Amino acid sequence: MDLRKIKKLIELVNESGIAELAITEGEESIRITRYSSMPTSVPSQQTIPTARVTPLSAQAKQTAVSSSAEDFVQVSPMVGTFYATADVGEAPLVKVGQRVSQGEVICIIEAMGMTNPIEAERDGVIRAIWVKDGDEVAFDQPLFTIN
């Protein structure tokens, strides 16, 4: 497989939003994955243009949040970029300690060039925000703890 073809496949994966692509041609094969299965750490005070996202397992979600039985973890319904504000320069849609109602827009996730308002799945108080503005999020990744 030539380098131009590999570059074109990488562009296809990035533009389409798919997580993984595997192709076999005769004895040659290639596998392109958008997200690493290894967690990454980000040094403080450093800007990194792309981020790798590792979805948390169900067990990790349980240990990551408060032990209160009433806590509810709202997860991302899609892969995309998390935005805490509706427009650049505005205040965040929600803050820790703020009361929200079911159906209220609590964040925006941009996926494939489209902005998608994400609504609170239940009434309650925001107890934790698990991602930062501009972070890449994976499907089923925790976004908020609400109780």
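**Hairpin, sheets and cores in a predicted model**

Strands β1 and β2 form a hairpin, and two residues lie between them. In the turn, G26 has a positive phi of about 65°. The model is a predicted one. The pairing of β1 (residues 20-25) with β2 (residues 28-33) is antiparallel and runs over six bridges. E25 stands opposite E28 of β2.

Helix α1 covers residues 3-16. Its 14 residues should span 20 Å at 1.5 Å a residue, and the end C-alpha atoms are 20 Å apart, so the two values agree. Just after α1 comes G17, with a positive phi of about 85°.

The protein chain holds two helices and 10 strands in total. Along the sequence the pattern is α-β-β-α-β-β-β-β-β-β-β-β. The chain has 147 residues, of which 29% count as buried. It exposes about 9900 Å². Carbon and sulfur atoms supply 52% of that area. Contacts between residues at least 6 apart in sequence were also examined, and 53% of these join residues at least 24 apart.

Two open sheets were then considered. One has four strands in the order β7-β6-β4-β9, with antiparallel pairing. Its edge strands are β7 (114-119) and β9 (136-137), each of which pairs on one side only. Within this sheet, three bridges join β4 (residues 80-83) to β6 (residues 105-111), and these two strands run antiparallel.

The other open sheet also has four strands, here in the order β3-β10-β8-β5. Its pairing is antiparallel. At the edges stand β3 (72-75) and β5 (99-100); each has a single partner strand, so one side of each is left without a neighbour in the sheet. Strand β5 is joined to β8 (residues 124-129) by two bridges, and the two run antiparallel. R99 has V125 in β8 as its bridge partner. In general, strands of a sheet pair through backbone hydrogen bonds.

The largest nonpolar core contains 15 residues. F82, V100, C107, L143 and F144 touch the most other members. Strands β6 and β10 (142-146) each supply at least two residues of this core. A second, separate core has five residues, including V13, L21, I30 and I32.

C107 was examined further, leaving aside neighbours within four places in sequence. Its contacts are F82, Y83, L93, N116, P117, I118, L143 and F144. Three of the residues that touch the most other core members, F82, L143 and F144, are thus among the contacts of C107.

Y83 has its place in strand β4. Across the pairing, Y83 stands opposite I108 in β6. The relative accessible area of Y83 is 26%, so this residue is partly exposed. Apart from residues up to four places away in sequence, Y83 touches C107, I108, E110, D133 and G134. The side chains of Y83 and E110 are joined by a polar contact of 3.3 Å. N116 is 33 residues from Y83 in sequence, and their C-alpha atoms are 9.9 Å apart in space.

Several loop residues complete the picture. S76 is found between β3 and β4. With a relative accessible area of 1%, S76 falls under the 20% limit and is therefore buried. Not counting residues up to four places away in sequence, S76 touches I109, V137, A138, F139, D140, Q141 and L143. One of these, L143, is also among the residues with the most contacts to other members of the largest nonpolar core.

Two residues have a positive phi although neither is a glycine. M112 takes a value of about 55°. This residue lies in the loop between β6 and β7. Its relative accessible area of 64% is over the 50% limit, so M112 is exposed. D140 has a phi of about 70°. Its place is the loop between β9 and β10. At a relative accessible area of 32%, D140 is partly exposed. D140 is also one of the residues that S76 touches.

Technical notes
Residues numbered from 1 in each chain as written. Predicted model: local features only at pLDDT ≥ 70, side-chain atom pairs only at ≥ 80, totals over all residues. Heavy atoms only, no water. Buried < 20%, exposed > 50% of the residue type's maximum accessible area, 1.4 Å probe, protein only. Contact = heavy atoms within 4.5 Å. Areas by Shrake-Rupley, 256 points an atom, 1.4 Å probe, with all protein chains shown as cover. Pairing = 2+ DSSP bridges. Core = buried A, V, L, I, M, F, W, Y, C linked by side-chain atoms within 4.5 Å. Expected span 1.5 Å × (residues − 1). Polar contact = N/O pair within 3.5 Å; in protein donor to acceptor, adjacent residues only side chain to side chain.
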